[in-house]
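Here's a small set of exercises to work through with the coordinates open. Try each task yourself before you read the solution.

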Amino acid sequence: MATGEGAEDMPNAVQNLEEELVRVNANDEEDREDMTSVETPRRSVDSTSSISKKRKKEWKGKKTSSSYPLLDVFNEVSGDLKVATMSIGKMAQAMDREASNQEKARYEDPQQKLREKAINEVRGLEFTSSEVIKAAGVFVRMPDQMGMLFALPEPLRREYIVDMLRDEAARREREVKVKVLV
């Protein structure tokens, strides 16, 4: 809210606006002559009279639905606010949808989906539960193994997993030997 010299509170603003409307209606003919005049417009010392002329220009040609132009202005502003509120509501909904989509994308890790697909493939090749778990461990450490599994033709996939598990067992034995020596 404005403060200091020239500031007015809400009741004074409404009263001044009503007085302007009365002046506008009373000076209707005079204002028309001023608007059609070719001479340079005069600056008024009283700012409310220039404001009333501006509002008169804005209202000219508009039909009022009541005998109270101020009420018509408030109704028009109310309608504009309703439209703005609806637009803001639509923007908020769109932002919610976008946030939801981003959250879903964050939780839908493509690497995780590939792991699940690879594990289901290993299970489908009739490995034991412990072999499936060992294969899953290899897939976590070496994701390229999953890509290679799906690149191979189906008849070779079982052999590939057997070799991968054999290599994994050999790697673990080497780690155990290194730990014992240290």
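## Exercise 1: a salt-bridge network

Arg172 counts as partly exposed because its relative accessibility is 43%, where buried is under 20% relative accessible area, exposed over 50%, and partly exposed in between (1.4 Å probe, protein chains only). Before going on, some housekeeping: this is a predicted model, so local features need pLDDT of at least 70 and side-chain atom pairs count only at pLDDT 80 or more, while totals for chains, interfaces and linings use all residues. Residues are numbered from 1 along each chain as its sequence is written, and side-chain values use heavy atoms, with hydrogens and water left out.

**Task.** Which residue forms a salt bridge with Arg172, and which residues are linked with Arg172 in a network?

**Solution.**

Step 1. Fix the rule: a salt bridge is a side-chain nitrogen of Lys or Arg within 4 Å of a carboxyl oxygen of Asp or Glu. With that cut-off you get six salt bridges.

Step 2. Start at Arg172. Its partner is Glu168, with the closest N and O atoms 3.3 Å apart. The two are four residues apart in helix H8, so about one helical turn separates them. Helices here are DSSP runs (H or I, at least four residues), strands are E runs of at least two, and both are numbered from the N terminus.

Step 3. Look at Glu168 again. Arg141 also bridges to Glu168, and there the closest N and O atoms are 2.2 Å apart. That pair ties together distant parts of the chain, with Arg141 in helix H6, Glu168 in helix H8 and their positions 27 residues apart. Glu168 is buried at 6% relative accessibility, whereas Arg141 is partly exposed at 40%.

Step 4. Add Glu175 and Arg171, which form a salt bridge with their closest N and O atoms 2.2 Å apart. Both sit in helix H8, four residues apart, or about one turn. Glu175 is partly exposed at 37% relative accessibility, and so is Arg171 at 21%.

Step 5. Put it together: the network consists of Arg141, Glu168, Arg171, Arg172 and Glu175.

## Exercise 2: two helices with a buried side

**Task.** Which residues of H5 are buried, and which of H6?

**Solution.**

Step 1. Take H5. Its buried residues are Arg115, Ala118, Glu121 and Val122. They span an arc of only 125° around the axis, so they lie on the same side of H5; the arc is that of the directions from the helix axis to the C-beta atoms. Arg123 and Gly124 are exposed on the other side of H5.

Step 2. Check the length. H5 has 15 residues and reaches 21 Å from first C-alpha to last, close to the 21 Å expected at 1.5 Å a residue (the expected span being 1.5 Å times one less than the number of residues).

Step 3. Now H6. The buried set is Val132, Ala135, Ala136, Val138 and Phe139. Their arc is only 160°, which puts them on the same side of H6. Ile133 and Val140 are exposed on the face turned away from that buried side.

Step 4. See what covers them. The cover over the buried residues of H5 includes H6, H7 and H8, and the buried residues of H6 pack against H5, H7 and H8.

## Exercise 3: the core and a loop residue

**Task.** How many residues does the largest nonpolar core have, and where does Glu126 lie?

**Solution.**

Step 1. Define the core: buried Ala, Val, Leu, Ile, Met, Phe, Trp, Tyr and Cys residues joined through side-chain atoms within 4.5 Å. The largest has 16 residues, and those with the most contacts inside it are Val122, Phe127, Phe139, Leu149 and Ile161. Helices H5 (110-124), H6 (129-141), H7 (144-151) and H8 (154-181) each supply at least two of its residues.

Step 2. Zoom in on Phe127. Leaving out residues up to four places away in sequence, Phe127 touches Val122, Val132, Arg158, Ile161, Val162 and Leu165, a contact being heavy atoms within 4.5 Å.

Step 3. Find Glu126 in the loop between H5 and H6. Glu126 has a positive phi of about 65° although it is not a glycine. Most residues other than glycine have a negative phi. Glu126 is exposed, with a relative accessible area of 68%.
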